[in-house]
Amino acid sequence: MLPNFFIVLLFVSLNAWAATPAELLAGYTAQSGLPASALKGETFFKASHGQEWQCTSCHGKSPTVGGRHASTDKAIEPLAPVANAKRFTDSAKVEKWFRRNCKDVLARECTAAEKADVLAWLITLR
């Protein structure tokens with residue numbers, strides 16, 4: 001009986017990390033208490049925020065195609081879910097990369113509203 005409990009617990013834990021872009025967007029929107037704005041997200045993505053890098057430094061001007069890391073030149077797969085179905089399907093990875101990338105671009109972590117806006121824009125891309 002006890003091994004079955006751990007199997008069920010593992011299954012539930014793994015599913016807690018799986019997500020869809022729409023579910024993540026709903027979570028960030030709920031955290032911020034504001035409606036997400038795709039227009040603000042596009043503006044945020046393309047803007048300079050006073051640091052050496054901006055989002056486009058690594059992800060390119062179009063998130064529907066791949067980019068290259070500004071420092072390491074490592075290939076980066078497309079950011080938009082329409083071009084890369086794996087994007088925004090693992091909440092832990094999403095948080096990890098938002099945390100790292102926002103610190104590079106803003107010198108701070110992104111707010112829930114900023115994450116929601118960028119994700120709202122990325123979801124609209126076709």
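**Close-up views of a predicted model**

**View 1. Helices H2 and H6 cross one another.** In this predicted model, the axes of helix H2 (residues 21-32) and H6 come within 8 Å and cross at roughly 150°. Angles over 145 degrees count as roughly antiparallel, and H2 and H6 are therefore roughly antiparallel to each other. Their crossing is left-handed.

**View 2. Here are the residues where H2 meets H6.** On the H2 side, look for Pro21, Ala22, Leu24, Leu25, Tyr28, Thr29, Gln31 and Ser32. Their partners in H6 are Ala112, Ala113, Lys115, Ala116, Leu119, Ala120 and Ile123. Sorted by class, this contact of H2 with H6 has 11 nonpolar, three polar and one charged residues.

**View 3. Helix H3 packs against H6.** The axes of H3 and H6 are 7 Å apart, and the angle between the two helices is about 100°. That makes H3 roughly perpendicular to H6. H3 brings Ala38, Lys40, Gly41, Glu42, Phe44, Phe45 and Lys46 to the contact, while H6 offers Glu114, Asp117, Val118, Ala120, Trp121 and Thr124. By class, the contact of H3 with H6 divides into six nonpolar, two polar and five charged residues.

**View 4. This close-up turns to the largest pocket.** The volume of the largest pocket is about 990 Å³. Which of its 33 lining residues are the closest to the centre? They are His59, Ile76, Arg87, Trp97 and Asn101.

**View 5. Several elements share the lining of the largest pocket.** Two or more residues each come from helix H3 (38-46), helix H4 (55-59), strand E2 (75-76), helix H5 (91-106) and helix H6 (112-124). H5 gives the largest share of the lining, with 10 residues. If you are curious about the chemistry, the lining of the largest pocket has 18 nonpolar, seven polar and eight charged residues.

Definitions and conventions. Residues are numbered from 1 along each chain as its sequence is written. This is a predicted model: local features need pLDDT of at least 70, side-chain atom pairs count only at pLDDT 80 or more; totals for chains, interfaces and linings use all residues. Side-chain values use heavy atoms; hydrogens and water are left out. On a 1 Å grid over the protein atoms alone, a cavity is a set of points where a 1.4 Å probe fits but cannot get out, and a pocket is an open set with protein on both sides within 12 Å along at least five of seven lines; lining residues have an atom within 4 Å of a point. Grid points are joined across faces, edges and corners, and a volume is the space filled by probe spheres set on the points. Helices (H or I, at least four residues) and strands (E, at least two) are DSSP runs, numbered from the N terminus. Ala, Val, Leu, Ile, Met, Phe, Trp, Tyr, Cys and Pro count as nonpolar, Asp, Glu, Lys and Arg as charged, and the others, Gly among them, as polar. Axes are lines fitted to C-alpha atoms, for helices over the stretch in contact, and angles run from 0 to 180 degrees between N-to-C directions. Angles under 35 degrees count as roughly parallel, over 145 as roughly antiparallel, 65 to 115 as roughly perpendicular and the rest as oblique. A crossing is left-handed if the near helix is turned anticlockwise from the far one by less than a right angle, and right-handed if clockwise. Contact means heavy atoms within 4.5 Å.
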